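Please open the model in your viewer and keep the selection panel at hand. The tour goes from the whole chain to the ligands, and then to a few residues and one helix.

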Amino acid sequence: MAKKAAPSKRQLAMVFDLNKCLGCQTCTLACKTAWTTRAGMEHQWWNIVNTFPGRGTPRDVFSHGGGYTKKGEPIPGDFPSKRLWGEAWDFDYEGVFGSNRDEPIPLHPREHDGAAPQWGPNWDEDMGGGEYPNSYFFYLQQICMNCSEPACVEACPRESVYKREEDGIVLIDEERCHGYRFCAEACPYKRIYFNEQRNIAQKCISCFPRLEAGVAPACIRQCPGRVRHIDYLDNADGHIYKLVKKWKVALPLRPDFGVEPNVYYIPPTSPLAFKENGEFDDTGSRIPMDYLKEMFGPGVEQALATLEAEREKAAAGKKSELMDILISRNWNDLLGPFTVDPAQLQRQPVR
Ligand code: SF4
Ligand code: SF4
Ligand code: SF4
């Protein structure tokens, strides 16, 4: 099927600031405990934070195809096996806790067939790239991007995957889904999982029951780094509009995939590189610009220049709207219109 528009009246969007992420995975656990604890979802991480440069989750996350060519033709994709996602490991609990052995038994993880794990979610955490002392990495948060040209929607022959008219959220109707996995093959970010026990595809739901109650998504509200902003893209007074449209410092991930994602990233700045004689190289960042362009598109150079200029302005004691937004001293400002405290929702508790 050729690329086709999937218009919505408004578009919900998010910005993640890669310069503030701690890699703490609080967002990951916030989502996991809220949505993916049921049967068949053990290996599902609707939100995950991987170290880049790295192989990602699933392994080699951006090499499984999907998305569109520049002409709008679909690119065939594959569906990574559960082994590539990283299955939930087992541990020798019985050996450790259930015997009277004198020697301590280490709690080594193991695959379900008993073999030592060769891969897992976030396997290469904190490894990164570059050569010491010019090594570097950044944390990349990944969830469903609620794309404006969602290849997953267009790939589903049963119209089980759909984009909501009112806010552009992409959801899967579990009643209609027959488990063909065409959606998962088509998603270039590989953000759709398969529940073998229920024979359905599942993915991030943008916490829509929370949004409908005015509460921000769990992964956003619980982020201690104040990394994540949410709002409608067309709210000219909101953080998202200002970061994406006005300041142009928030960029789509892998825009070459052709699906027009609605999660944007503040690209990573980097310390100066060291020269061989140990002095700073004033001209060089440790993260190669070619790599940043591959990840965030051609606008990344200007975005980084803007961030640096505004940072210097703020450091000199001058007012910078951009730095004020990125710092967000009042954390509720990150939440756009979704500032309701879930603790206040007594009749319909939202986790
Ligand atoms: Fe679909 Fe993938 Fe885009 Fe989400 S990120 S809307 S699953 S194509
Ligand atoms: Fe999970 Fe909600 Fe965040 Fe999606 S928006 S990753 S469902 S916590
Ligand atoms: Fe932690 Fe926030 Fe980064 Fe998630 S996005 S790993 S919660 S700092």
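A residue is called buried here when its relative accessible area is under 20%. By that criterion, buried residues make up 49% of the 351 residues in this protein, which is a predicted model.

**The whole protein**

Begin with everything shown as a cartoon, where the secondary structure comes to eleven helices and 14 strands. The radius of gyration is 21 Å, close to the 20 Å that the globule rule gives for 351 residues, so the protein is as compact as a globular protein of that length. Aligned along the principal axes, the C-alpha atoms fill a box of roughly 65 × 55 × 50 Å. If you switch to a surface, the protein exposes about 17600 Å², and carbon and sulfur atoms supply 51% of that area. Of the contacts with a separation of 6 or more, 67% are between residues 24 or more positions apart.

**Ligand 1**

Select ligand 1 next, and display the residues that surround it: C144, M145, N146, C147, A151, C152, V170, C187, Y189, I192 and K203. By class, nine residues of this shell are nonpolar, one is polar and one is charged.

**Ligand 2 and N47**

Move on to ligand 2, whose surroundings are C31, W35, W46, N47, I143, C204, I205, S206, C207, P217, A218 and C219. Helix 1 and helix 7 (218-221) are the elements that give two or more residues to this shell. In composition, the shell around ligand 2 has ten nonpolar and two polar residues, and no charged ones.

Stay with one member of that shell, N47, which sits in the loop between helix 1 (26-35) and strand 2 (48-52). Is N47 buried or exposed? With a relative accessible area of 1%, N47 is buried. Its side chain makes a polar contact with the side chain of R228, at 2.7 Å. Beyond its neighbours within four places in sequence, N47 is in contact with C27, T28, C31, Q142, I143, C219 and R228.

Now pick L29, which belongs to helix 1 and counts as partly exposed at 43% relative accessibility. A C-alpha to C-alpha distance drawn from L29 to C219 should read 8.1 Å, although the two are 190 residues apart in sequence.

**Ligand 3**

Select ligand 3, which is surrounded by 13 residues, the closest being C21, C24, Q25, C27 and C223. Its shell divides into eight nonpolar, four polar and one charged residues.

**Q11**

Go next to Q11, in the segment before strand 1, where the residue is buried with a relative accessible area of 10%. Which side chains does the side chain of Q11 meet in polar contacts? One is that of K163, at 2.9 Å, and another is that of N262, at 3.5 Å. Setting aside residues up to four places away in sequence, Q11 touches N146, S148, K163, D167, G168, D231, Y232, L233 and N262. N146 also appears in the shell around ligand 1.

**Helix 8**

Finish at helix 8 (residues 239-246), where H239, I240, K242, L243 and V244 are buried. Show what covers these buried residues, which includes strand 1 (12-17), strand 10 (228-232), strand 12 (263-266) and helix 11 (321-327). Just after helix 8, stop at K248, which takes a positive phi of about 55°.

Methods
Residues numbered from 1 in each chain as written. Chains lettered and ligands numbered in written order. Predicted model: local features only at pLDDT ≥ 70, side-chain atom pairs only at ≥ 80, totals over all residues. Heavy atoms only, no water. Helix = DSSP H or I, 4+ residues; strand = E, 2+ residues; numbered from the N terminus. Buried < 20%, exposed > 50% of the residue type's maximum accessible area, 1.4 Å probe, protein only. Polar contact = N/O pair within 3.5 Å; in protein donor to acceptor, adjacent residues only side chain to side chain. Contact = heavy atoms within 4.5 Å. Near = heavy atom within 4 Å. Nonpolar A, V, L, I, M, F, W, Y, C, P; charged D, E, K, R; others polar. Rg over C-alpha atoms; globule rule 2.2 N^0.38 Å. Areas by Shrake-Rupley, 256 points an atom, 1.4 Å probe, with all protein chains shown as cover.
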